[in-house]
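User: I would like to learn how to read a structure one feature at a time. Please take me through this one.

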Amino acid sequence: MYTCGPTVYRYAHIGNLRTYLMADWIRRVLLVHGVDVYHVKNITDVGHMRQELVETGGDKMILAALSEGKTIGEIAQYYADSFLKDEERVNILPAQVFPWATDHIPEMIEIVEKLLAGGYAYQAEGNIYFDVAKFIDYGKLSRNFGGDLLEAVRVEADPLKHDPRDFTLWKAAEPGRDVKWASPWGEGFPGWHIECSAMAHKYLGEKFDIHTGGVDNIFPHHEDEIAQSEGAFGGQHVNYWVHAQHLLADGAKMAKSSGNVFLIEDLVERGFDPLSFRYLCLTVRYRHRMNFTFGSLRASEKALTNLRNRVWDWNSLPQLPNLPPETEEWRTKFWDTVDNDLDLPGALSLTWNVVKSDLPGQAKLDLLLDFDRVFGLGLDQVPTTYDVPQTLMTSLQQRSTLRTQEDYSSADSLRSSVLSQGYLLEDTGATTRIRPKTLLERHSERWPSLSSSREVESLIDQPSDLEFTFVLNAYNYVDDVKRCVTSMLHCAEGRSAEVIVVDNGSTDGTADWLEEFQSIHPNVRVFHCDHVIGDAAGKNIGLKQSRGKHIIIMDASTEVVGDLLTPVQQRLADDSVGIFGPYGLSTDDMRHFHEEVEAGEADAIQAYCMAFCREAVQKVGLMHEGFRFYRNLDIDYSFQFKEKGYRIFADSTLPLVRHEHRQWTELDDNQRDELSRKNFGRFLRRWGHRPDLLITANGQAFDTGFHH
Ligand code: AMP
Ligand code: ZN
């Protein structure tokens, strides 16, 4: 079995681990069936990394390491170690071989030479390309016959290619490149796909049984691997391809560029057992998408703890001479379920049926340990020994003395006192033993938290019982949050107003400060999110929970320095005004937004401070939660108002001060571009065809490059 392994210039996230877990489950099922598995998992190190870094402007962390004098090899080793540790933490059996790509350059060159000799490849200016037209089976895995359309659209089509579908086997080193190797075609570096053909061939031969990866590997990576390997060696490359569907978070594929990545370490820092993530992955079939939430992880942890406690309980039972015959029926059903296209969710629910059945504990234990050979939840590791505090050991002795004195009522009250401390006294024949009531307690949380805006009730269609609601979406930068919250409270003094702060998964002490602050200020309400749920979702929590007639959304970088409420109330008294705020924007092409609106009608109000009536939200709706990052969300929401016929109004004399906007200034250029581009695309797709909504509307649609 060959598994496409990690790229080691960044951490593997739990989405990647879901894919490796699938491979681990396949391997464990085969082992249970007596099939020995030789498992190869490659490590994709440098290779094309340097190039990718140069092109994308570099990853902060890697550039920092490079500037500290670390070599790329050291960086790769660091991430590879961290990957291996994560695999161990989720109980993935280690592959027999973890080959590193750059240790196999000669093997890659050898395959490229074979392909050239066989007429499957051609050379152009030091580059070698695979000639897709020569491989008649191209597309048989992905059913994608049209070529790498994405590549053709995204980057300038490579003029050296005969056909846009052709892909690079070897690329000549450009001047200044430091990671490169000698080859018969001059210095250069390998294409991405060739490494897997080379390593699979070296460790598994020309043909092997199973190849796994994530669904994003199907095309072009695995399609191209088939073309290379079958082109070079003839015959079928792989018997079974198995691809895991993606892990999502907040509805989007978990990926660094979406900003919704979690690492095993993040789960551990929040007090979770990494095996709870393994359990969670058992609950969804590998071929289905799985949306990760902390709520579901909590539920998994609870279930796993429950299972462990039961195993621990059953472990202390005396042996039975025979298990009842139904035991074998359950066992057969279980393995049939597992064998049905790896139906682990089905197998898990069957497991709970066993737990709830009236089989004796000994039979349940026997079955669960058997099932765990595939689950891999470490149920065989559940400890059988435990510590009992000395004071309780003394109670144990006292109680047996009381019993010999036949003072049963004192003995019983001693037992209840022991129980209230979380321990059980069990009389087994002549002796009494003491043990903890449960083996494990679930970790407790400091305060209730939300995993999504859907979890809060919407009060939006209820009558307003206050004049004003301030809403702040807080994400780290505790000093900014303090300044902003204090200024809002000051402004609210003597008015009918409340402050809602949404702690959007802060990790720097903001949450603790808000908890404390809320406890001494009755008109402040705080909602904690158990992770960063994104800007729009955070603001929506505030909108849904607001009770004020007027809502004012603030940003932590903004400070109120005077009476903001009176002008807001006056301006919004005009029913035609939708959003009002100090920082207006205007545009005449939807691409460039200008800040020059000082007073009067605008196309949008910036997120630093935007005020509107709660009643209008009923008509306009909530914010669009696709916007995880704040940028352009304010413009998007302004357009939502305009679409419903409202006007947008700016007045730069409102009493506000803008401070450094650290959510922006602390991003590196690379992140800014990526996040901004995504949000701008979202905005344009929604509103690019509505130039009629602009204050300068001339009724003509702009060519926005996006087609609705
Ligand atoms: P990479 O380190 O990017 O090469 O990815 C390693 C493996 O994780 C590949 O098999 C990918 O297909 C897989 N993968 C990437 N993102 C996800 C995701 N969100 N969920 C599940 N698997 C993923
Ligand atoms: Zn691969």
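User: Which residues coordinate the zinc ion (ligand 2)?

Analyst: To read a metal site, list the N, O and S atoms within 2.8 Å of the metal; water is not among the atoms, so a site may look incomplete. This is a predicted model. In it, the zinc ion (ligand 2) is held by the SG atoms of Cys 4 and Cys 196 and by NE2 of His 221, at 2.0 to 2.2 Å. Along the chain these donors have the spacing C-x191-C-x24-H.

User: Which parts of the chain do Cys 4 and His 221 tie together?

Analyst: Look up the element that holds each donor. Cys 4 sits in the loop between strand E1 (2-3) and helix H1 (14-32), and His 221 belongs to helix H8 (residues 218-233), so the pair links parts that are 217 residues apart in sequence.

User: Are Cys 4 and His 221 buried or exposed?

Analyst: A residue is called buried when its relative accessible area is under 20%. Cys 4 and His 221 are both buried.

User: Where is the third donor, Cys 196, and how many residues of its helix are buried?

Analyst: Cys 196 is in H7, where it is one of the buried residues. Eight of the 11 residues of helix H7 (residues 194-204) are buried, which leaves the helix mostly covered. Among them are also Ile 194, Met 199 and Leu 204. After H7 comes Gly 205, with a positive phi near 90°.

User: Which residues come nearest to ligand 1?

Analyst: Start with the shell of residues around the ligand, then look for polar contacts. The shell of ligand 1 has 18 residues, and Gly 15, Thr 19, Asp 216, Asn 217 and Leu 247 come nearest. By class, four residues of the shell are nonpolar, 11 are polar and three are charged. The side chain of Thr 19 has an N or O atom 2.7 Å from a nitrogen atom of ligand 1. The side chain of Asn 217 places an N or O atom 2.8 Å from an oxygen atom of the ligand. From Gly 214, a backbone N or O atom lies 3.1 Å from an oxygen atom of ligand 1. The protein covers 91% of the 490 Å² of accessible area that ligand 1 has on its own.

User: Which elements give two or more residues to that shell?

Analyst: They are H1 and strand E7 (208-214). H1 gives the most, with four residues.

User: What is the strand order in the sheet that contains E7?

Analyst: Read a sheet from one edge to the other. This open sheet of four strands runs E2-E1-E7-E8, with parallel pairing. Strand E2 (40-41) and strand E8 (238-244) are the edges, each pairing on one side only. E7 and E8 are joined by six bridges in the parallel sense, and Phe 208 has Val 238 in E8 as its bridge partner.

Notes. Residues numbered from 1 in each chain as written. Chains lettered and ligands numbered in written order. Predicted model: local features only at pLDDT ≥ 70, side-chain atom pairs only at ≥ 80, totals over all residues. Heavy atoms only, no water. Donors = N, O, S within 2.8 Å, 3.2 Å for Na, K, Ca; no water. Buried < 20%, exposed > 50% of the residue type's maximum accessible area, 1.4 Å probe, protein only. Near = heavy atom within 4 Å. Polar contact = N/O pair within 3.5 Å; in protein donor to acceptor, adjacent residues only side chain to side chain. Areas by Shrake-Rupley, 256 points an atom, 1.4 Å probe, with all protein chains shown as cover. Nonpolar A, V, L, I, M, F, W, Y, C, P; charged D, E, K, R; others polar. Pairing = 2+ DSSP bridges.
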